[in-house]
Amino acid sequence: MIFRILEDQYAQKSREAKAADARFMQLALALGRRGQGRTWPNPAVGAVIVKDGVIVGRGWTQPGGRPHAEPDALLRAGDAARGATLYVTLEPCSHFGKSPPCVDAVIASGIARVVSAIEDPNPEVAGQGHAKLRAAGIIVDVGLNAAEAAYDHAGHFRRIRDKRPHVILKLAVSADDRIGAAGRKPVAITGEAARTRVHLLRAQCDAILVGIGTVLADDPALTCRLPGMEHLSPVRVVLDRSLRIPGNSVLVHSARRTPLWIVTSQLAEAPAIAKLGAAGAEVIRIAEYRARPSLSVVLLALAENGITRLMVEGGARVASSFIAAGLVDEVWLLRGPDMVGAAGVPALDAMPLAAITQSPAFKVRASESVGKDILTIYERT
């Protein structure tokens, strides 16, 4: 009987310990998301330090990618880190980059245990951080909330493994699958709550991409216009083979405040490039840009410039091109309640919306009401 009581007590303690681990890792994940859109080319990591059940330090990757989450949390914890547990959403780095290895700081702090959500696929890390911690006598547990961490760090993983950003396609469609009125005239598809959600997504992405057609038709700003979050606007990227973007456009006028990158052909004329450069825009010339660019080459160029999370927001042709090329990792489909009519602009140009909604290439990750609209998030299978 006494052994059964002891076993029950041990099992209860184990359940409580697992629940505590899960709770603290969820906090670390939430902290990491604070940095999304601001830490590129580094991943947006979150870290929590706990001692005797009390949080003594927390941190997340800071804007520009430094300091990393672990040193940030260790600085806040101070001497209390000795003997504590570190919860971190990605394996601590073990190599010298623009800052010293995080594992060295963890070891020096006296941390007794590290709970890491997932291994870093970066070949300069790739398990070496965990191995170095174990070699120093630190207990290391890997895999807690790994799927959630992989989703949060999808941009970092995609850039390391595939040399391109994680691509999020945003579509706002009417009840009859249209994104614009007859004659390609803009029309309000979704309500204020949905537009607020889109601006929040912009703030969580490194860059936002549109085609020159959208710029000429709408003269958009492509910024985050939520109060107090204007400084979190992403890099604006425009596909513009012939450099038709007007010098008096909102994008060009704001290029010194919010970065503007224009992707164009190798044949683009030098005077036009110089004029845009003088206005504060950066022109990226790529090969294989004829009537339409090679999207894989575009994404490679963006990844080489540090972009990890790319939001594609502009134009039916651009959207359908990304879908056809198999380069969309996630779709945010906002559906409004009203009809536009058969003469309206189809959501994916000549491609049916079923290429997303009924395709085995995508599955529904989440669906919710946003005001009067419905948001469905699809992810690549």
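A contact here means heavy atoms within 4.5 Å. The structure is a predicted model, in which local features need pLDDT of at least 70, side-chain atom pairs count only at pLDDT 80 or more, and totals for chains, interfaces and linings use all residues. Residues are numbered from 1 along each chain as its sequence is written, and side-chain values use heavy atoms, with hydrogens and water left out.

**Figure 1. The whole protein, with its 13 helices and 16 strands.** Helices (H or I, at least four residues) and strands (E, at least two) are DSSP runs, numbered from the N terminus. The radius of gyration is 23 Å, close to the 21 Å that the globule rule gives for 381 residues, so the protein is as compact as a globular protein of that length. For those who like to check, that radius is taken over C-alpha atoms, and the globule rule is 2.2 Å times the number of residues to the power 0.38. Along the principal axes, the C-alpha atoms fill a box of roughly 80 × 50 × 35 Å. Of the contacts with a separation of 6 or more, 71% are between residues 24 or more positions apart.

**Figure 2. Surface and charge of the protein.** About 17600 Å² is exposed, and carbon and sulfur atoms supply 54% of that area. Accessible areas come from the Shrake-Rupley method with a 1.4 Å probe; for residues, only the protein chains shown count as cover. Buried residues make up 50% of the 381 residues, where buried means under 20% relative accessible area, exposed means over 50%, and partly exposed lies in between (1.4 Å probe, protein chains only). The mean positions of the 46 positive and 37 negative charges are 3 Å apart. In that count, Lys and Arg are positive and Asp and Glu negative, while His and the chain ends are not counted; each charge is placed at NZ of Lys, CZ of Arg, CG of Asp or CD of Glu.

**Figure 3. Helix α11 and the glycine that follows.** Helix α11 spans residues 295–304, and its buried residues are Leu295, Val298, Leu299, Ala301, Leu302 and Ala303. Take Ala301 as a guide: its relative accessible area is 12%, so Ala301 is buried. Setting aside neighbours within four places in sequence, Ala301 is in contact with Ile284 and Ile286. Ala126 is 175 residues from Ala301 in sequence, and the two C-alpha atoms are 24 Å apart in space. Just after α11, Gly306 has a positive phi of about 100°.

**Figure 4. Asp152 and its partner Arg33.** Asp152 belongs to helix α5 (residues 146–152). With 11% relative accessibility, Asp152 counts as buried. Its side chain makes a polar contact of 3.0 Å with the side chain of Arg33. A polar contact is a pair of N or O atoms within 3.5 Å; within protein, one must be able to donate a hydrogen and the other to accept it, and residues adjacent in sequence count only if both atoms are side-chain atoms. Not counting residues up to four places away in sequence, Asp152 touches Leu29, Arg33 and Gln36.

**Figure 5. Two cis peptide bonds, at Pro41 and Pro67.** Trp40 and Pro41 are joined by a cis peptide bond with omega of about 10°. Pro41 sits in the loop between α1 (2–33) and β1 (46–51). Arg66 and Pro67 are also joined in cis, with omega of about -5°. Pro67 sits in the loop between β2 (54–60) and α2 (69–77).

**Figure 6. Positive phi at Leu222 and Asp349.** Leu222 is not a glycine, yet its phi is positive, near 60°. The loop between α8 (212–218) and β9 (235–239) holds Leu222, which is buried at a relative accessible area of 4%. Asp349, likewise not a glycine, has a positive phi of about 60°. Asp349 lies in the loop between β14 (345–346) and α13 (354–357) and is partly exposed, with a relative accessible area of 25%.

**Figure 7. Surroundings of His166 in strand β6.** Strand β6 covers residues 166–173. His166 is buried, its relative accessible area being 6%. Leaving aside neighbours within four places in sequence, the contacts of His166 are Ala154, Gly155, Arg158, Thr308, Arg309, Leu310, Asp329 and Glu330.

**Figure 8. Val364 in strand β15.** Strand β15 runs over residues 362–370. Val364 is partly exposed, with a relative accessible area of 49%. Apart from neighbours within four places in sequence, Val364 is in contact with Thr376, Ile377 and Tyr378. Arg164 is 200 residues away from Val364 in sequence, with a C-alpha to C-alpha distance of 23 Å.
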